[in-house]
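Me: I would like a close look at a single part of this model, namely the open sheet and the helices that lie on it. Please work through it in one connected account.

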Amino acid sequence: MSFLKNIFSKKDNSINSYQDFWNWFAKNEKEFFKAVGDREIIEKNFLDKISPKLNELREGYCFLAGMLNDTTAELIITADGNFKQFIFVEELINSAPAIAGWKFTAFKPAMDIKRLSIEMGGDKFNDTNLSFYSNDLPEYPDEIDITVIHNDLSERNRKNILNGTYIFLDNFLGELDFATTIDNLEIIGKNEAKKELVPIEKLKDFLIWREKEFVEKYEGTRHNTEKDNYSAFEAELRNGNPMIGVINTDLLKWDRKASHPWIIDIEIKFKDGNNGMPDKKTQQQLDDIEDKITAELKDFDGYLNVGRETADNVRNIYFACREFKKPSKILTQVQSDLAGQLEFSYTIFKDKYWKTFNRFTGESN
């Protein structure tokens, strides 16, 4: 597979739904099939045509295209590691019709390591020059901390080796598993190794085992925040403006944080107020937005509202979640609803031990 292509093209109004996209694709699929099979015309007759249509649907889709065999072309829609995009990749592929001669796939699939060999910038990446070992972290026992060793890494080629190894792992493990299963990853040379090396081909089985162990440990874990205690705090920024926050202190003491490893940081910028604080009308608007989100992302379903803080005309709202796909769907809709009113954005990242919130407890990361 090749031809990864980011989507940055001008929008119009012709593609407004998944169904619109697939109807358009079906009308042109014979031309597309021919283009994918002919590398001389794939850029002009396929890539350049599908890119703007996907972009009309939603910015951020990437894709790969190639021939599975003489009779079947495959279109792989990817998120390119962007957690916020994963749910929309799945929805697009799940809505795809059956079209003879085509296979539609969500995310880059895992490859057989015996068929996987990458050469980049003169360096090779395969099962003969890559290995790994796992690091035990007593203070964070649920974190999957992996060191990958490339036999030929040196200061001269470090940047190329790092990039190539990431690409190799993305293909070996598959896009979804590579993005979601490893918490910490370090890439080193053979002379830097501190433990016995394990063949890279065993990494997939190791991750499956660790994930199974993790799921069994936290299966069924729920937290009802109705009777939790909250603490208000106030600080002064260097510019003299106040920072005011409210944090669920019972959650920060919870001993099963790793069951909700996905952190959502919602950022809402506002203009009306004084000293970085919102005026009464804006305060009510911000509270209403938080209430709306919390009504959709309920604690019992695995979405915990950890707290909020306000300073310098910005309100941040924090959630810890069992999974990240539904929040992305909900928050994207909120972002759309607020367009032209408030500047709304959010980030998603994995943090099993909620180190992000250590500043509220005085702990170091």
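Reply: What follows describes that sheet first, then the helices on it, and afterwards some other places in the chain.

The model is a predicted one, and every value below is computed from it. The open sheet is built of six strands in the order β11-β12-β16-β17-β13-β18, and their pairing is antiparallel. The edges are taken by β11 (230-236) and β18, each of which has a single partner strand, so that one side of each is left without a neighbour in the sheet. Neighbouring strands of this sheet are turned against each other by 15° on average, if direction is ignored.

Within that order, strand β12 (residues 242-248) and β16 run antiparallel and are joined by four bridges; glycine 245 has glutamate 309 of β16 as its bridge partner. Two helices belong to the picture as well. α8 lies across β13, β16, β17 and β18, and runs at about 15° to β17. α9 also packs on the sheet, where it touches β13, β16, β17 and β18, and its direction makes about 170° with that of β18.

The geometry of α9 can be checked against expectation: the helix has 13 residues (325-337), which at 1.5 Å a residue should span 18 Å, and the 19 Å between its end C-alpha atoms agrees with this. The buried residues in α9 are Pro327, Ser328, Ile330, Leu331, Thr332 and Val334. Their cover includes α3 (86-94) and α8 (280-296), together with the strands β13 (262-269), β16 (303-311), β17 (314-321) and β18 (343-350).

Between β16 and β17 there is a loop that holds aspartate 312. This residue is not a glycine, yet its phi is positive, at about 50°; with a relative accessible area of 35%, aspartate 312 is partly exposed. Another positive phi, near 75°, is found at phenylalanine 107, again a residue other than glycine. Phenylalanine 107 sits in the loop between β4 (102-106) and β5 (118-120), and at 4% relative accessibility it counts as buried.

Elsewhere in the chain, β8 (145-150) offers a second example of strand pairing. It pairs with β7 (130-135) in the antiparallel sense over six bridges, leucine 130 having histidine 150 of β8 as its bridge partner. With strand β9 (residues 184-189), by contrast, β8 pairs in the parallel sense, also over six bridges, and here valine 148 is matched with isoleucine 187 of β9. In a regular strand the side chains alternate between the two faces of the sheet. In β8 both faces are covered, since Asp145, Thr147 and Ile149 on one side and Ile146, Val148 and His150 on the other are all buried. Six of the six residues of β8 are therefore buried, so the strand is largely enclosed by the rest of the structure.

The loop between β7 and β8 contains aspartate 142, which is buried, with a relative accessible area of 9%. The side chain of aspartate 142 forms a polar contact of 2.5 Å with the side chain of tyrosine 218. Beyond its neighbours within four places in sequence, aspartate 142 is in contact with residues including Asp183, Arg210, Phe214, Lys217, Ala258, Lys352 and Tyr353.

Note on methods: Residues numbered from 1 in each chain as written. Predicted model: local features only at pLDDT ≥ 70, side-chain atom pairs only at ≥ 80, totals over all residues. Heavy atoms only, no water. Buried < 20%, exposed > 50% of the residue type's maximum accessible area, 1.4 Å probe, protein only. Polar contact = N/O pair within 3.5 Å; in protein donor to acceptor, adjacent residues only side chain to side chain. Contact = heavy atoms within 4.5 Å. Pairing = 2+ DSSP bridges. Expected span 1.5 Å × (residues − 1). Axes fitted to C-alpha atoms, helices over the stretch in contact; angles between N-to-C directions.
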